Amino acid sequence: MGKIRRLLHQIGHRISGLPNCQDVNGFLADYLDGNLDAKTKARFERHMRRCPPCAKYFDQYNETIQIARETAPVEVPRELADHTLEFLRQRRHGAHE
Ligand SMILES: [Zn+2]
């Protein structure tokens with residue numbers, strides 16, 4: 001999650017709408033993880049409808065998580081690694097002949 005936190009930090013948190021914005025935005029991660037109880041969830045959703053800055057922040061947050069997921073480091077498939085080694089072996093072999 002470190003990467004996501006870094007990205008979110010880059011986005012910055014410029015919420016200046018309703019008084020309970022800070023409050024509601026504290027629920028963001030839990031909301032996305034589905035950890036909120038029904039009452040808090042309803043409060044969160046109601047706030048997002050009323051408060052464009054928060055709704056925008058929520059969108060960016062969501063988008064950032066998507067990006068972070070898509071660009072998460074993937075392991076090089078074993079097959080590809082074998083392929084590359086084989087290629088190098090053959091090349092070296094060929095150079096000697
Ligand atoms: Zn707000």
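The expected span of a helix is 1.5 Å times one less than its number of residues. Helices here are DSSP runs of H or I with at least four residues, strands are runs of E with at least two, and both are numbered from the N terminus. This is a predicted model: local features need pLDDT of at least 70, side-chain atom pairs count only at pLDDT 80 or more, and totals for chains, interfaces and linings use all residues. Residues are numbered from 1 along each chain as its sequence is written.

The protein chain has 6 helices and 0 strands. Of its 97 residues, 8% count as buried (20 or more other C-beta atoms within 10 Å of the residue's own; exposed means 12 or fewer, partly exposed in between; C-beta atoms are placed from the backbone).

Now take helix H5, residues 52-70. Its 19 residues should span 27 Å at 1.5 Å a residue, and the end C-alpha atoms are 27 Å apart, which agrees. Cys 54, Tyr 57 and Tyr 61 are buried in H5. Seen down the axis, the buried residues of H5 fall within an arc of 60°, so they line one face of the helix. That arc is taken over the directions from the helix axis to the C-beta atoms. The face turned away from the buried side carries exposed residues, among them Asp 59, Glu 63 and Glu 70.

The largest nonpolar core (buried Ala, Val, Leu, Ile, Met, Phe, Trp, Tyr and Cys residues joined through C-beta atoms within 7 Å) has 6 residues: Val 24, Phe 44, Cys 51, Cys 54, Tyr 57 and Tyr 61. H5 gives the most to this core, with 3 residues.
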